[in-house]
Amino acid sequence: MKVLLIYRNHSIGYSIHRVFTVVQAELERHIEVETLELPAKQYNLSGFKQNICAVKNAVREGNYDIVHITGQDHYLIPFIRKTKVVVTVHDLGSIINHFKSAKGFLKYFIWATPLKFADLITCISSHSQKECIDWVGGIKNKCIVVHNPYAPEYIFSHKDAETIPTILHIGTKPNKNLRNTTLALKDFPCHLRIIGKLSQKDIDELRKNNIDYSNAHSLTDEEIVEEYNRCDLVNFPSFYEGFGMPIIEAQATGRPIITSNIPPMPEVGGDGAVYVNPESPESILQGYYYAMQHYNHLIEKGRENVKRFSAEKIAREYIQVYRDLVK
C-alpha cells in the first residue's frame, strides 16, 4: 500500500505537522509513505491554484492507493481523481464562530463543503466529529474518530510537587483563557509559566493581580518538552478546542492537568484530569487546590489514560482505515 500525506505549508502553522509526523514515523514501519508539503504560504486565489496544481501533479505521478490530507486544506478534495481520499478534520471553529459573516460563509464554502467529496473523514475527537456531521450534510456514514497521538519525546518522570508550584500555561490566544487563570491565581501562591506571546493587556492583568510569572514563546519542540518536565501542574482551562494536546502531553510527562469541563476535554483526559468551569475563576482556583491534594493519584490516572494515545496505537488505526478503503 502506498499513501501520500499532504501537509499544509509549515509557515501557516506547524501544529498539524507536529502531530502527524509522529503518526508518519509509525506508519512508515508498515506501509510505503510519501509526503507533500503544499507550496503556497497564503490562502488566496494564487495560493489555492498553486497548491491544487502541486497536488494534481503529485497524484498523477505517484500512483498512490490513498491520499491523506492531514490538515485544513479541504478545498483540494474535489481535484484528486482516481484515488481514495482521506481527510482529517481538527475542528471547524473558525467557520462556526464566524458563519454569519461574509468571511465565515466563504470559509464554509472552501473548507466545509468539499468534505462531501472525501471517501472518508477522520476527526480527532467526538466533538469535532459532531461539528462535522452537524455542519456538513450527507457525511455521517463516512465520518469517524481517530484521536491525536502524543510524541515519544514526552517521557514519564515522577516529580514531587513543590510547596509553591510552578503552573505551566500553554497558549495565549483568547480561547486559552489566560484572563480567568490570572484572576484565579491572585490568591494562590505559585509561579505561573506562560508559553506564548503576551499582549500589553495580558501583562497589565498579570501585574494588577500580583502574579509571579515568567514568559517564553517561539520555543522548539525540545524546549516545550522541557517546560513540561520543569513544571508541577499544567493549566489548560480552554474555552474551545478540537482536541487539546496539552492534556495528553501533561499525562505522558507525569504532571496533573487542570482543564475545562466542556467537550472534548473529558473525552481526552478521562479519569486523569481535574475538570473546571472555564468561565469561573473560583472553579479554576479550586481545581488547583484539588490537584495539589490528589497529586500522585492524578499522575497515575493520567499515566494509565494516556496509553490510549500512543503513536503506535493511532498509526494502527489509520492503517486499518486505509486498508478498509482499498479493499
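## Two strands to start with

Strand 3 (residues 66–69) and strand 4 (residues 84–89) pair in the parallel sense. Four bridges connect strand 3 and strand 4. At one point along this pairing, Ile-69 stands opposite Val-87 of strand 4. Everything described here comes from a predicted model.

What does pairing involve? Strands of a sheet pair through backbone hydrogen bonds, and the pairing can be parallel or antiparallel.

## The six-stranded sheet

Strands 3 and 4 belong to an open sheet of six strands. The strand order is 2-1-3-4-5-6, and the pairing is parallel. Which strands form the edges? They are strand 2 (32–37) and strand 6 (143–145), and each pairs on one side only. The sheet twists as well: the average is 25° from one strand to the next.

Helix 2 (residues 45–62) packs on this sheet. Helix 2 touches strand 1 (2–7), strand 2 and strand 3. The direction of helix 2 makes about 170° with that of strand 1. Another helix meets other strands. Helix 5 (residues 126–135) lies across strand 4, strand 5 (120–123) and strand 6. Helix 5 runs at about 170° to strand 6.

## Strand 5 and its partners

Strand 5 pairs with strand 4 in the parallel sense, over four bridges. In this pairing, Leu-120 of strand 5 is the bridge partner of Val-86. Strand 5 is also joined to strand 6, by three bridges, and these two run parallel. Here Cys-123 has Val-145 of strand 6 as its bridge partner. From strand 5 the chain crosses through helix 5 to strand 6, and this β-α-β crossover is right-handed.

Now look at the side chains of strand 5. Leu-120 and Thr-122 point one way. Ile-121 and Cys-123 point the other way. Are these residues buried or exposed? All of them are buried.

## Ala-118, just before strand 5

Where is Ala-118 found? This residue sits in the loop between helix 4 (102–112) and strand 5. Ala-118 has 3% relative accessibility, and buried means under 20%, so Ala-118 counts as buried.

Leave aside the neighbours within four places in sequence. Ala-118 is then in contact with Ile-77, Val-85, Val-87 and Lys-142. Val-87 has appeared already, as the residue opposite Ile-69. For a sense of distance, take Lys-208, which is 90 residues from Ala-118 along the chain. The C-alpha atoms of Ala-118 and Lys-208 are separated by 51 Å.

## Strand 7 and its partners

Strand 7 (residues 166–170) is mostly covered. How many of its five residues are buried? Four are.

Strand 7 is joined to strand 8 (residues 191–195) by five bridges, and the two run parallel. Along this pairing, Leu-168 stands opposite Arg-193 of strand 8. The chain gets from strand 7 to strand 8 through helix 6 (residues 178–185), in a right-handed β-α-β crossover. Strand 7 also pairs with strand 10 (residues 233–236), over three bridges and in the parallel sense. There, Ile-167 stands opposite Leu-233 of strand 10.

## An enclosed helix

Why is helix 9 (residues 245–253) described as largely enclosed by the rest of the structure? Nine of its nine residues are buried, so the description follows. Among them are Met-245, Ile-248, Glu-249 and Thr-253. Just after helix 9 comes Gly-254, which takes a positive phi of about 95°.

## The whole chain

Step back to the full chain. The chain has 13 helices and 12 strands. Its C-alpha atoms fill a box of roughly 60 × 45 × 35 Å along the principal axes. A compact globule of 327 residues would have a radius of gyration near 20 Å, and the chain has 21 Å, so the two agree.

Of the 327 residues, 54% are buried. The chain exposes about 15,400 Å², and carbon and sulfur atoms supply 51% of that area. Contacts also link distant parts of the sequence. Take the contacts between residues at least 6 apart in sequence: 64% of them join residues at least 24 apart.

Definitions and conventions. Residues are numbered from 1 along each chain as its sequence is written. This is a predicted model: local features need pLDDT of at least 70, side-chain atom pairs count only at pLDDT 80 or more; totals for chains, interfaces and linings use all residues. Side-chain values use heavy atoms; hydrogens and water are left out. Two strands pair if DSSP finds at least two bridges between them. Axes are lines fitted to C-alpha atoms, for helices over the stretch in contact, and angles run from 0 to 180 degrees between N-to-C directions. Contact means heavy atoms within 4.5 Å. Buried means under 20% relative accessible area, exposed over 50%, partly exposed in between (1.4 Å probe, protein chains only). A crossover is right-handed if, with the strands pointing away from the viewer, the path from the first strand over the helix to the second runs clockwise. The radius of gyration is taken over C-alpha atoms; the globule rule is 2.2 Å times the number of residues to the power 0.38. Accessible areas come from the Shrake-Rupley method with a 1.4 Å probe; for residues, only the protein chains shown count as cover.
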